[in-house]
Amino acid sequence: MNVFENIKQAIALLETNEQHFEELIELQSKTDKKIDYWLHYIELNNIKVTESYKIIKEIKRLREERRKYKNEFELIKVFKDNENKMANASN
């Protein structure tokens, strides 16, 4: 077992998680903007029944996408909180 290589891999994984954490914030923000677009579109336009169905499907798809990002974000957040506890000098 090469301890040095294991430490390097662990650090690389932590950095990857940190990058993904930041990406998730951006992805969720972009998805929120798309959802807001459709909500404003509904608010400001007269919509036909056939068009409304397509809009509802798109909003549903965007909400599912947002939920995926939010779940990953929360999982990494829990990890980050515990990572800080593990790094505490008393531990």
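The points below walk through a predicted model, from the core to the surface.

1. The largest nonpolar core has five residues, namely Phe21, Leu24, Tyr69, Phe73 and Ile76. Helices H1 and H2 each supply at least two residues of this core, and H2 gives the most to it, with three residues. For a reader new to the model, this group is a convenient place to begin.

2. Within that core, Phe21 and Phe73 form a stacked aromatic pair, with 4.7 Å from centre to centre and 15° between the planes. Phe21 lies in helix H1 (residues 3–44) and Phe73 in helix H2 (residues 49–86), so the pair ties together parts that are 52 residues apart in sequence. Phe21 counts as buried at 12% relative accessibility, because buried means under 20%, and Phe73, at 17%, counts as buried too.

3. Leu24 and Gln28 show further contacts between residues distant in sequence. When residues up to four places away in sequence are not counted, Leu24 touches Tyr69, Glu72, Phe73 and Ile76. With the same neighbours left out, Gln28 touches Arg66, Tyr69 and Lys70. Gln28 has its place in helix H1 and, at 13% relative accessibility, counts as buried.

4. What holds Asp32 and Arg66 together? The two residues form a salt bridge in which the closest N and O atoms are 2.4 Å apart. Asp32 lies in helix H1 and Arg66 in helix H2, so this pair ties together parts that are 34 residues apart in sequence. Asp32 is partly exposed, with a relative accessible area of 25%, whereas Arg66 is buried, with a relative accessible area of 15%. As general background, side chains of opposite charge can pair when their charged atoms come close.

5. The structure holds four salt bridges, among them two that involve Arg61. Glu58 forms a salt bridge with Arg61, the closest N and O atoms being 2.7 Å apart, and both residues lie in helix H2, three residues apart, which is about one turn of the helix. Glu65 also forms a salt bridge with Arg61, with the closest N and O atoms 3.0 Å apart; these two residues are four residues apart in helix H2, separated by about one helical turn. Salt bridges that share partners thus join Glu58, Arg61 and Glu65 into one network. Glu58 is partly exposed, at 22% relative accessible area, and Arg61 is likewise partly exposed, at 40%.

6. A search of the whole structure finds four aromatic pairs, including one between Tyr37 and Trp38 that is edge-to-face, with 5.0 Å from centre to centre and 75° between the planes. Ring pairs link Tyr37, Trp38 and Tyr41 into a cluster. Tyr37 counts as partly exposed at 47% relative accessibility, and Trp38 counts as partly exposed at 22%.

7. On the surface, Met1, Val3, Ile7 and Ile11 form a nonpolar patch, with about 460 Å² of accessible area together. Met1 is found in the segment before H1 and is exposed, with a relative accessible area of 89%, while Ile7 is found in helix H1 and is partly exposed, with a relative accessible area of 44%. Met1 and Asp32 are 31 residues apart in sequence and 46 Å apart in space, taken from C-alpha to C-alpha.

How values were computed
Residues are numbered from 1 along each chain as its sequence is written. This is a predicted model: local features need pLDDT of at least 70, side-chain atom pairs count only at pLDDT 80 or more; totals for chains, interfaces and linings use all residues. Side-chain values use heavy atoms; hydrogens and water are left out. Rings of Phe, Tyr and Trp (its six-membered ring) pair if their centres lie within 6.5 Å; planes under 30 degrees apart count as stacked, over 60 as edge-to-face and the rest as tilted. Buried means under 20% relative accessible area, exposed over 50%, partly exposed in between (1.4 Å probe, protein chains only). Patches are made of residues with over 30% relative accessible area and no salt bridge: like charges are joined within 9 Å, nonpolar side chains (Val, Leu, Ile, Met, Phe, Trp, Tyr) within 5 Å. Accessible areas come from the Shrake-Rupley method with a 1.4 Å probe; for residues, only the protein chains shown count as cover. A salt bridge is a side-chain nitrogen of Lys or Arg within 4 Å of a carboxyl oxygen of Asp or Glu. A nonpolar core is a set of buried Ala, Val, Leu, Ile, Met, Phe, Trp, Tyr and Cys residues joined through side-chain atoms within 4.5 Å. Contact means heavy atoms within 4.5 Å.
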